[in-house]
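New to this one? Take a slow look around before reading on.

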Amino acid sequence: MQFLVVKKRSLIFSLLLLGLVFSASLWIYLNMGSEAVVQTSVNDSTREIHLVTGEFEATTKDGKEIEAYRFDPGTIFLQKGEKVKLKIMGINGANHPFIIEGTDISGKILQGEETELDLQFQKKGVYRLVCLTHHDSDSNGPMTAYIVVN
Ligand SMILES: [Cu+2]
């Protein structure tokens with residue numbers, strides 16, 4: 001008859017090794033989903049986002065000319081704390097004075113010129129970039145861009 005002799009020291013060592021392997025597996029399992037698909041801000045750098053001012057025009061069946069000014073794209077997404085340089089090129093319309101609601105940011109976009117804004121939102125939310133000239137449908141708007149901060 002054979003006996004397997006296990007020393008107390010090797011039993012403790014085996015248990016420690018098993019615990020280590022288990023911890024490592026658990027750590028790898030829990031961190032699997034956190035790998036970034038797209039790295040948006042490398043080394044605290046500033047990301048550039050471009051907008052343009054655009055215009056929709058149409059003539060209705062009864063000959064009425066209708067138009068609407070807009071920002072394109074109309075929605076942009078930022079991360080909280082992310083540094084972004086927003087560049088808005090004036091294409092359609094001579095002058096678009098604007099504000100960003102919930103901030104003290106304001107300015108104007110002139111045709112053929114690029115307006116630059118340095119943005120860094122510290123609070124999540126949806127901020128509206130509103131053209132004060134074309135703010136509703138009566139003034140050929142609403143010319144609004146939504147800045148979504150996650
Ligand atoms: Cu406008």
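What follows is a short tour, from the overall layout down to single residues.

Keep in mind that this is a predicted model. The protein has 1 helix and 9 strands. Walking along the sequence, you meet them in the order α-β-β-β-β-β-β-β-β-β. Of the 150 residues in the protein, 16% are buried. Contacts reach far along the chain, too: among those with a separation of 6 or more, 61% link residues 24 or more positions apart.

Now for the inside. The largest nonpolar core holds 18 residues, and Leu78, Leu129 and Ile147 are the ones that touch the most other members. At least two residues of this core come from each of β4 (84-89), β8 (125-131) and β9 (144-149). The top contributor is β8, with 4 residues. As a general backdrop, nonpolar side chains in soluble globular proteins tend to be buried together.

So who does β8 pair with? Here are two pairings, side by side.

| Strand pair | Sense | Bridges | A facing pair of residues |
|---|---|---|---|
| β5 (residues 95-100) and β8 | antiparallel | 3 bridges | Phe98 and Cys131 |
| β8 and β9 | antiparallel | 6 bridges | Leu129 and Ala145 |

Leu129 deserves a closer look. Which residues does Leu129 contact, leaving aside its neighbours within four places in sequence? The list runs Phe71, Phe98, Ile100, Thr144, Ala145 and Ile147. Two of those names have come up in the table: Ala145 is the bridge partner of Leu129 in β9, while Phe98 stands opposite Cys131 in β8. Ile147 is familiar as well, being named with Leu78 and Leu129 for touching the most other core members.

For another spot, go to Ile49, which sits in strand β1 (residues 47-59). Is Ile49 buried or partly exposed? Ile49 counts as partly exposed, because it has 16 C-beta neighbours inside 10 Å, and a buried residue needs 20 or more. Even so, Ile49 has company from elsewhere in the chain: setting aside residues up to four places away in sequence, Ile49 touches Ile76, Val84 and Leu86. Take Val84 as an example: Ile49 and Val84 are 35 residues apart in sequence, yet their C-alpha atoms are 7.0 Å apart in space.

Conventions. Residues numbered from 1 in each chain as written. Predicted model: local features only at pLDDT ≥ 70, side-chain atom pairs only at ≥ 80, totals over all residues. Core = buried A, V, L, I, M, F, W, Y, C linked by C-beta atoms within 7 Å. Buried ≥ 20, exposed ≤ 12 C-beta atoms within 10 Å, placed from the backbone. Contact = placed C-beta atoms within 7 Å. Pairing = 2+ DSSP bridges.
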